[in-house]
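Q: Please take a close look at a single part of this structure and describe how it is put together. Please also set that part beside other features that can be described in similar terms.

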Amino acid sequence: MKFSRRSFLKSLGALSFAMAPPVTRGPLQQLYPKLIPAEEIIPGMPYWYASTCRECPAGCGVMHKVRDGNVIKIEGNPNHPISRGGLCPRGQAALQELYNIDRIRQPIFIAENGKQTELTWEAALREIRSRLITGRTSIMTGHVNGAQKKFMETWLRTLPGQNSLVEYEPLNRRADVQVNKIVFNKEVSSTYHLDKARYILSIGADFMETWQSPVQHSHNFAIARQLKDGQACKFVYLGISGSLTSTNADESHIIAPRSEPAILLALAKYILEKRSDNDIRMRDTWAESLAPYSLETASQLSGVALDILKKIASDLSQSDASLVLCGDAVASHERGTESVVAATILNYIAGNFGKTIELFNSPDNDTTWAVSDFDRFVESMEARQISTLMIHQTNPIYNYPGTQKLESALRKVPLKIAFATTMNETVAKADFILPIHHSIETWGLDEPEPGVFSLVQPAIDPIYESRAIEEILLSIRLSTDLPETFEKFINDEWAAVFRKVEPSETFGPNWQTMLEQGGMWSDERTMDSVPSISRNLFDFLSSLKHPVIPAAPMFQVKASHRFYDGRGANKSWLWELPHGTDNSVWDTPVRIHPEIAAAHHLKDGDVVSLSANQRTIEAPVLITNNIHPNVIAMEIGAGHTNYGEMAVKETGNPISLLSRTNDFSSGDLVFMTDEISIKRTEKSRKIARVQGSYDQHRREIIQEIPLAEAVKLEANHAHRPIHEHTEIYPEHKHPIYDWAMVVDLSACNGCGSCVVSCYAENNVPIVGKQQVERGREMAWIRIERFEMGDGRSRFLPMMCQHCEHAPCETVCPVYATMHSSEGLNVQVYNRCVGTRYCSNNCPYKARRFNYWSPKWPEPTDRQLNPDIYHRPKGVMEKCTFCSHRIRKAKEDAKIEGRLVRDGEVMPACAQSCPTGALTFGNLNDPESKVSKLVNDYRAYVVFEELNTKPSVIYLKGIKHG
Amino acid sequence: MDKENYFAPALTAADINSRVAYSTQKPGVKFYLAIALFLAMIGFGAYCLYTQITTGMGVAGMNNPVAWGIYLTNFVFWVGIAHSGTLISAILFLFRSRWRTSVNRIAEAMTVFAVMMAGLFPLIHLGRIWFCYWLFPYPNARTLWVNFRSPLNWDVFAVSTYMTVSTLFFIVGMIPDMAVLRDRFTGVKNKIYGIFAMGWRGTHKQWHHYETAYMLFAALATPLVISVHSIVSWDFAMSILPGWHSTIFAPYFVSGAIFSGCAMVITILYPLRKIFKLEDLITKKHFTRLAQMMLLTSLIVSYSYLTEFFIAWYSNNNFEQESFLYRAFGYYGPYFWIMLTCNMFIPLTIFFKKIRTNVKILFIISIFVNIGMWMERFVIIITSLARDFDPYAWGQYSPTHIEWGIFIGSFGGFLLLFFSFVKFAPVVAISEVKGQIHHDMHGGDHD
């Protein structure tokens, strides 16, 4: 046979193809899962989808950023009336629920013996339908509102039997409605306008963290704190234990547990007497009812010095727009309702209704069930009265105090179906587990506040074989009062909203606008006139007695800024975000007063066993002065037994210690118990804390200016004093852009939104507890808290300062870090050899070294931002001022033949900040916001004496006298 | 000019030849056991390094803020040790110190091997060791260049220059002695020694060239003794860290290096002369001279310690003051006091004649100084980093088994090289000693 040259080449080609080594794929390639993109999607282009956050009942507006078919970032929706552009850490971490390694991927059947079988949807639905028996069906869910609530109610109504929608939400706004019923005899809810207040007194309301709508309140509080007409809002906090919110107060005092009503009513009495001029109706009745209270008694009961209470009272009575907030910790102890009633009375007498508080009548008030009602529901399950139970977005096995009772009751329910995104303790008790869409994958219509119709829209195709819960309910059983498809239902609901809000407009063309802006709302909401007081209130008041201040320690369970009611515990960003006040990560220590520590010979990190109500948990202690000596406080978060890989299990679940006694007047869960016993164990474990010292050591990192001086300087239009330094080297030239950031320390409240936002935006790896203990956390931006010496603390976000005279740049032997022509200090990962000299020489210690190869197991890799370069082990990294966002803005500007506009570039941290503390812009543009702010009289830079000339300029905090 | 007789009386040239060559005879079991131990140490170090390269720097103890740990401590420690060799061979040669002849070979060998170990540590310390060649300015298509402003880059040149010069100096210095060994052996050994002898015949012309070359190398190496450790000190002094940023660092480090180098020479000489029966050639007087050198440098180092604290107090600089208070009384305080005891107080005993003429006690002192000088570098590097400007980022560092393993490995490497050298080459400069003895016998001084 003749072997031609041609066939030789052919065989050679075939041979080499056959022998080619298999290509191994690194993590980089996995950033682009879709080789052929879906139609209408341009690869590399970000798309934004407005939606609503469902991580807590607040209902903030969010924007989902989609790149190449993946949601890679959640940001606040600047147009949304609730959040106004900011977003809290929990909201950002919703992505980690969507891309959770423990996401349920297909229907699961759990047999009696606990064996799990994976099913197809058809098989699962067939099986469920065949097991459906007539009888009572209940949907046990977390707080739902808007269309989803309507759907569930309608679906249940048309089902035969006495069915019920059980909303179990341990942290709810019920107290508000209950209290207004007592005070005004109206089922109305209140909205607080912190932005209009000139004096805020918070009694245990942690409004920057968990209370009601933290993003909204933080935003409004920052507005109130701005210096206007020589005034800025003063903020005083009274509480039994400290919190992030209390740390932000101008004055914060620790009070004895149960002393709140006495304080509030004494203050009310003082104002009633001082303001003899104002027209309070029924003045005599008030005077009579408030007669038993006095500041002296209040001081005695609470342990707060009389002078302090008198000062608060006189400030309150002199303020023309004050606001008293009472909630969370206080509202949820056994005299919680009394406290909130007292606060409402104080607000009423101070004349705040119509000024800083508005009441509105709403058909969709918080309908979460009282724990007393939920108890009865559990009893009805125990009595085999419920035949089918559907579990949705709630985890009472974890956050309901009667876990064992509930577990036993659940065993009595013949058919239990769980609709879930990830496994949790309650879901694991179901017979069938059906994977449902995450809120990023589905449609919805939320109504977090009356008149705010907030859109939930899918940003991506479902990543697993999940379905919308409504869809599943319809395929289990069609309802006569509901359309045949969920799509039609949601369409109808929105059409109804359109008819209600803008009757003149047509549905069609406005739909697109609505999709873009994220819902419909009217910006003007009128304040109700001052309501009239209910007669019954005085009976209520006369029934009140002065409390017995407990002599033995009480145990307080606190809502967590990071994990809320425990639901955040499967998200690594939240565990690695340092706690707001003590900077601990990956644990929820028990906070105790030094007196208790001394009595039990405890030091930080010693593990104690806490017992109450026949249950015991273990947790490490953390000693703090910022707590009442008779209070032991612990945040919710740890102690999950079946909540995925991220949950911390060594520390116990504090809710399990609570007794099931509930507030006598509202029926709500009491987050305190007074039978606590604390015992030392032999164990001890280090609490990983990221901050080395809370004392500034005279380094003036956080600077403040007294209010009086600020007023004077403002009136004189003073500018920042410029210090001249001699230079040896020629200065860098920035011909077009000179990027800079201004951080307003009077606005920063240390909430940590920027930190989580940066983790999400820049693919910053999570390192875990052990590595944080060893000082290897990777956060590019961090919140430093320093004690100011007078009991207050202030916060400072610290990131790469992009110095003009950067100490890091001169010492790198390979030019891996250098100065850009736009004033950025850039890090070239590819060039870095890892000498770490730059980190040593950085006085701000803003650089992070990759001690390990970062890992993102599937599907968490889908969250990675493809604009960000992958940093392998051995490479230094740090804040880039989100240079990829700058690049994008410059590209857009170039196409349009202009320069980047002010405000067009927003780094992730600045975008997510609820208080707007961070401003970014071009210093070369004299009209830009930053150009104006850097010359502000409050402007300074950290470690000015080092002459590093940072591009991050801080504005001094304002210190209220 | 000192006119002391440093050797045992009545040594002939043949005595010297045989005594020096004694060490090159066939090794015994003990030697092989020692070699096995060193190989095991190297193996452990290599395993640790392998683990670090494959999993990441995280296996070491470094963190934020302490991004430099004992790798850099070891680097400075080994570079320091490398200093006495060149000092003894070059500077003392130029100063015509006659006592150097017996010890210079050992000191030079120590220098070369210590520099080899030192040179490894900046590489081991790199996050991406596989790109270490980027530290050299080599022409490339992307026109990437190194940053000549970075002291680390100066280090690259300083250390590589020092290594080249000291190695050449070492090899050149051995030429006549290699010829002696060549002539004593036949077969393969003859061939190998022949290569190192470079055709040495001992002609007058060769001696002339040799001495000129030796003198030139000595002159070249002398400024390097000063420059290398000055540059190493600038790794720290050129940064802005309190506790590092100081103008005293160069002389402080150079004297510290000579201090530690002399100590290491004593530590090595003592057992060596016992094992290889070199008491006639390396006498008590040599030890005394080395001890005196140690005392002098110890005083300079002590002065530097005090100056640092004085300046911190006098500057009224908050950062400096706190940094030095932390150094003495903070978490790492005990290490500081160990350092002070070993480097400042113990060497003071050398002032007593009884002590400086007691070889055994000098050996013990030298070990303390070695420990103290390692501790000095540790204290300077770690305490300054642990607490710098921002109290938020304060933290602590402790080395892991990986770092200790690599440190042990470097000792294994050093000792293996040294033992091999002892078996292979003349440990004492035969020709120089001969010259010296001849000189002494025939009435003295040329000067």
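A: Two strands count as paired if DSSP finds at least two bridges between them. The model is predicted. The part chosen here is an open sheet of three strands in chain A, in the order 1-2-3, with antiparallel pairing. Strand 1 (46-52) and strand 3 (70-76) of chain A stand at the edges; each has a single partner strand, so one side of each is left without a neighbour in the sheet. On average, neighbouring strands of this sheet are turned by 30° against each other, direction ignored.

The pairing can be followed strand by strand. Strand 1 and strand 2 of chain A run antiparallel and are joined by seven bridges. One residue of this pairing is A:Pro46, which stands opposite A:Arg67 in strand 2 of chain A. A:Arg67 also stands opposite A:Asn70 in strand 3 of chain A. On that side, strand 2 (residues 61-67) and strand 3 of chain A pair in the antiparallel sense over six bridges. A:Lys65 has A:Lys73 in strand 3 of chain A as its bridge partner.

Strand 2 and strand 3 of chain A form a hairpin with two residues between them. A:Asp68 lies in the turn and has a positive phi of about 50°.

Is strand 2 of chain A buried or exposed? Seven of its seven residues are buried, so strand 2 of chain A is largely enclosed by the rest of the structure. In a regular strand the side chains alternate between the two faces of the sheet. Strand 2 of chain A is covered on both faces. A:Gly61, A:Met63, A:Lys65 and A:Arg67 are buried on one side, and A:Val62, A:His64 and A:Val66 are buried on the other. Helix 24 (residues 753-761) of chain A lies across strand 2 and strand 3 of chain A, and runs at about 160° to strand 3 of chain A.

Two charged residues, A:Lys73 and A:Glu75, deserve a separate word. Their side chains meet in a salt bridge, at 3.3 Å from N to O. The limit for "buried" is under 20% relative accessible area. A:Lys73 is buried because its relative accessible area is 0%. A:Glu75 also counts as buried, at 4% relative accessibility. A:Lys73 thus has two partners of separate kinds: A:Lys65 as bridge partner and A:Glu75 in the salt bridge.

Side chains of opposite charge can pair when their charged atoms come close. The structure holds 56 salt bridges over all chains, and some others in chain A can be set beside this one. A:Asp315 forms a salt bridge with A:Lys311, and their closest N and O atoms are 3.0 Å apart. Both residues lie in helix 12 (residues 306-318) of chain A, four residues apart, which is about one turn of the helix. A:Asp315 is buried, with a relative accessible area of 14%, whereas A:Lys311 is partly exposed at 40%.

Another pair is A:Glu379 and A:Lys405, whose side chains meet in a salt bridge of 3.4 Å, N to O. A:Glu379 lies in helix 14 (residues 371-382) and A:Lys405 in helix 16 (residues 403-411) of chain A, so the pair ties together parts that are 26 residues apart in sequence. A:Glu379 is partly exposed, with a relative accessible area of 40%, and A:Lys405 is partly exposed as well, at 28%. Salt bridges that share partners also join A:Arg225, A:Asp250, A:Glu704, A:Asp790, A:Arg792 and A:Arg794 into one network.

A second sheet of chain A can be described in the terms used above. It is an open sheet of three strands in the order 17-18-19, with antiparallel pairing. Its edge strands are strand 17 (444-449) and strand 19 (519-521) of chain A, each of which pairs on one side only. Neighbouring strands in the 17-18-19 sheet are turned by 20° against each other on average, direction ignored. Strand 17 and strand 18 (residues 452-456) of chain A run antiparallel and are joined by four bridges. Within this pairing, A:Glu449 stands opposite A:Val452 in strand 18 of chain A.

Technical notes: Residues are numbered from 1 along each chain as its sequence is written. Chains are lettered from A and ligands numbered from 1 in the order in which they are written. This is a predicted model: local features need pLDDT of at least 70, side-chain atom pairs count only at pLDDT 80 or more; totals for chains, interfaces and linings use all residues. Side-chain values use heavy atoms; hydrogens and water are left out. Axes are lines fitted to C-alpha atoms, for helices over the stretch in contact, and angles run from 0 to 180 degrees between N-to-C directions. Contact means heavy atoms within 4.5 Å. Buried means under 20% relative accessible area, exposed over 50%, partly exposed in between (1.4 Å probe, protein chains only). A salt bridge is a side-chain nitrogen of Lys or Arg within 4 Å of a carboxyl oxygen of Asp or Glu.
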